[in-house]
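Visitor: I have a few "how do you know" questions about this one. Could you walk me through it?

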Amino acid sequence: VVNLSFNFILIYSFGLGYPGCPLATVVTRWGAFITLVLVMQRIDLCSKCWNRPERHEWTDPQRVKAYLKQAVPSAISGMVEEYQLQTVSVFAGHLGSEAVATHNSFFTL
């Protein structure tokens, strides 16, 4: 809702046109991130659910191995998904502008 409002304001009220859309998205996402950080600091949820590791624990081989065991498959999965979407977008681009618009609309939702 906030992003939609910023889109309308920047595109039509300020007359930015198409460049107003990504600008509104950036402002909205940064606003959401800053709000999340402020809420977490104010409520102090982190201390109840996560003990911050000490500096020497960051280089502990067992912890690094456990982290990589989870992070590497997740990163590979994200890359494969992104490459799949890009490939489908390229193929849709050969079908015409309506196909690209439909493709982008469905993946945005």
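Guide: Sure, let's start with A32, which counts as partly exposed at 47% relative accessibility.

Visitor: Why is A32 called partly exposed?

Guide: Buried means under 20% and exposed means over 50%. A32 comes in at 47%, so it falls in between and counts as partly exposed. A32 sits in helix 2. Its C-alpha is 9.8 Å from that of V2, though the two are 30 residues apart in sequence. Keep in mind that this is a predicted model.

Visitor: How far can I trust it, then? What is the mean pLDDT of the protein chain?

Guide: The mean is 82, with 89% of the residues at 70 or more. Confidence bottoms out in helix 3 (residues 46-49), where the mean is 66, and peaks in helix 4 (residues 61-93), at 89.

Visitor: Back to helix 2. Why is T28 called buried?

Guide: T28 has a relative accessible area of 17%. The cut-off for buried is under 20%, so T28 makes it. T28 is in helix 2 too, and its C-alpha is separated by 9.8 Å from that of N7, 21 residues away along the chain. For the chain as a whole, 7% of the 109 residues count as buried.

Visitor: And V27, what makes that one partly exposed?

Guide: V27 has a relative accessible area of 39%. That is not under 20% and not over 50%, so V27 is partly exposed. V27 lies in helix 2 as well.

Visitor: Which residues form the nonpolar patch on the surface?

Guide: V27 is one of them, along with V2, F6, F8, I9, Y12, F14, L16 and L23. Together they have about 880 Å² of accessible area. Helix 1 (2-13) and helix 2 (20-43) are the elements that each give two or more residues, and helix 1 has the largest share, with 5 residues. A patch residue needs over 30% relative accessible area; V27, at 39%, clears that bar.

Visitor: How do you know that the length of helix 1 agrees with what is expected?

Guide: Helix 1 has 12 residues, so at 1.5 Å a residue it should span 16 Å. Its end C-alpha atoms are 15 Å apart, which agrees. Just after helix 1, G15 takes a positive phi of about 70 degrees.

Visitor: How does the reach of helix 4 compare with the expected 48 Å?

Guide: Helix 4, with 33 residues, reaches 47 Å from its first C-alpha to its last, close to the expected 48 Å. Helix 4 also bends by about 25 degrees at L68.

Visitor: Last one: how many helices and strands does the protein chain have?

Guide: There are 5 helices and 0 strands, so from the N terminus on the order reads α-α-α-α-α.

Methods. Residues are numbered from 1 along each chain as its sequence is written. This is a predicted model: local features need pLDDT of at least 70, side-chain atom pairs count only at pLDDT 80 or more; totals for chains, interfaces and linings use all residues. Side-chain values use heavy atoms; hydrogens and water are left out. pLDDT is the predictor's confidence in each residue, from 0 to 100. Helices (H or I, at least four residues) and strands (E, at least two) are DSSP runs, numbered from the N terminus. The expected span of a helix is 1.5 Å times one less than its number of residues. The bend at a residue is the angle between axes fitted to the seven residues ending there and the seven starting there. Patches are made of residues with over 30% relative accessible area and no salt bridge: like charges are joined within 9 Å, nonpolar side chains (Val, Leu, Ile, Met, Phe, Trp, Tyr) within 5 Å. Accessible areas come from the Shrake-Rupley method with a 1.4 Å probe; for residues, only the protein chains shown count as cover. A salt bridge is a side-chain nitrogen of Lys or Arg within 4 Å of a carboxyl oxygen of Asp or Glu. Buried means under 20% relative accessible area, exposed over 50%, partly exposed in between (1.4 Å probe, protein chains only).
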